[in-house]
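Q: Could you take me on a close look at one part of this structure, strand by strand? I would like to see how the pieces there pair up.

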Amino acid sequence: MIKMAQKSMASCLLKPLFVIILLGGVFGIVWLRSSILTMEYTISELECKKMEKLRQAKMLLAERAMLLSMQKVEKTAVRSLGLVFPDRTRVVYVKAAAQGPLKASFEENRYRFRDESATAAGVSPDNVR
Amino acid sequence: MRKRGIILNTALCFVFLIVVVRLFDIMIVNHKRLYAKAQMQQLKGEDIRVRRGMILDRHGRELALNLELESLYCDPAGMDSPEKSAAALSSVTGKPSRAILTKLSSEGHFVWIQRKLDPDTTTKVKELKLKGIGFMNDSKRYYPKGHLASQIVGFVNIDNKGIEGIELKYDGYLSSGGGKVLFSRDASGKTLSQGVEMESKGNNLVLTLDEGLQYTVEVELDRAMEQWRASAATAIMMDPFTGEILALANRPSFDPNSISGSKNFERRNRAITDCYEPGSTFKIIVGTAALEEKVVSLDSPFDCSRGTIEIGKRVVHDAHKHGVLTFKEVIQKSSNVGSIMVGMRLGKERIYRYAKAFGFGEKTGIDLPGEVSGLIRPPERWSGVSIGSVPIGQEVAVTPLQVLRAYSAIANGGMLVTPHVVSRALSPEGEEIWKPTFGATRVISSRTAETFKDILKTVTEEGGTAKSAAVNGNNVAGKTGTAQIIDPRTKRYSTEKFVSSFVGFVPADDPKIAMIVVVYEPKGQIYGGVVAAPVFKRIAENALSYLNVPREDIHGNMLVVAR
């Protein structure tokens, strides 16, 4: 008698459980598929935005390259700022490698190129700018 | 009640059976046909965008890059009113209304209206909201520096295939394979991402050119063209030790951004495609050969006092009567008579052998399309007067690059280098994937090269033919050339048309640059020392400043910086 009651209870529980699992599974699959689709839409939109940003970046790169062309730079330097290309006789070369704040002074004949003392002091055509 | 139940069950079973039969029909019997039909509706094929790599100068400054634009197309079958649409599109794009109408009225479902519209025009066309009009992403090659180095960089056609210059020579490196990707789309036409990279990028190329030097060269060539009202001009600057081309320019030139507006002769890279008779710059061959073969010494005398020399029926003149000249002075003063005498001592076989060794009559191997080999006839094909012509640069055809390469061999101690314009290829991510290597061949001993270098230095000193090529603060070694052009009408040397040139290197004792300047058909003056040498001087001075090459007389003027 007790066994029969237990069997009937199990049967009553299993049937709805089976239906719930079945429905849950079906809805789970549908929900999963729908989430994937939504994600694909989102990725697709983001890809479009990315392409647009890349397009803008390329346009900006082109504009920068054009604005930084020697012709533009010289035009601006000469016409707007009144600069001139330096005469070589007025170009002064300074040491570039040393550290710390600069103290500059003209001291004629202190160092000489290709001079042993100059090389020892670190002044050579290779490390001046 | 039981009877009703049976009827209901039977009806349900029947309906279910119909559904099963239909499903069987759809899923099994007609599966293939229906699946294909569904695929056609749901899938959309899209081309992978192929984007060419950039072309950069040696410091990474962009010489060629891509713009992302849109191309306009139409579906003639889907147009409402072609006439109205054509008129509206004409007002925005600037194309003739009739031409657009012809396209809108054509048959089929796809016709290009205009490729690669600029962004402003694209926005305006989109605002028109015309039916049957569509846009497709397209890439346009853009050259931000315009004319600068246009004959080296080259250009591409409407489909971005290389047509000239580096764009053609390295097309395989710059572009990469495309392909097609299938996208799922919904009923409204929205596409779903497949997670595929839709852009295929080519490799970037880094050139040996320096935009700063190139600009200097081009500015000075423009100035020379204007000053001498020349028909054309060429200048090449090269590192004499490596063969790296630092700058190469020709005039006339063109803007690769508007190819349709340029002419064939403007697009020609004369530095490698055009031959000319080099004149006195070719005296390097007899000069170095004579020293190398020990036929002469620096002080060997040559009697040039008559100012002429007869070779067969031909009489060759010097520009001025010089008297007795040493071998060194023959080169310094560019004596034709003396050079022919040196050539006669050498003999035609040795002249030919050294000319070939210096690379004349053969392509230099530069990595640009269209190079010609020039011409130097083998000794057995020389005429009776050839021994009076070849030593002074006549009866030979050379390119400016060949001449520069030969002088670079003097500058670097006797090695013949391979000129080149590409230094390396970078992947889209910036990794080096290829770097060309070039060998060098010894053509003369370093001793001969040093000796001849000293002779070439005297050319720009007092008593030389090219004092105007001398650079403040640095020694210049070089040679002038003034050659007559064959008149195509008379088949004889023209008395009016000349090619003036100067080729040299600076600083002479520690060369940083080797350069040639060639001016074709200058008006007013003809001599290389007057026409081309000043151009060399101006370019060299700016280039040395730009390259931070100190003056050799700097000792007393240096700014000492203490910390």
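A: Happily! Let's start where eight bridges join β26(B) to strand β27 (residues 513-520) of chain B, the two running antiparallel. Strands here are DSSP runs (E, at least two residues; helices are H or I, at least four), numbered from the N terminus, and two strands pair if DSSP finds at least two bridges between them. Before going on, please keep in mind that this is a predicted model, in which local features need pLDDT of at least 70, side-chain atom pairs count only at pLDDT 80 or more, and totals for chains, interfaces and linings use all residues. Residues are numbered from 1 along each chain as its sequence is written, while chains are lettered from A and ligands numbered from 1 in the order in which they are written.

Back to the strands. To find your place in the β26(B) and β27(B) pairing, look at B:S501, whose bridge partner in β27(B) is B:V518. These two strands form a hairpin, with six residues between them.

Now turn to the pairing of β26(B) with β25(B). Strand β25 covers residues 477-487 of chain B and strand β26 covers residues 492-506 of chain B; ten bridges hold this pair in the antiparallel sense. A handy marker is B:A477, which has B:F505 in β26(B) as its bridge partner. β25(B) and β26(B) also form a hairpin, here with four residues between them. In that turn, have a look at B:K491, which has a positive phi of about 60°.
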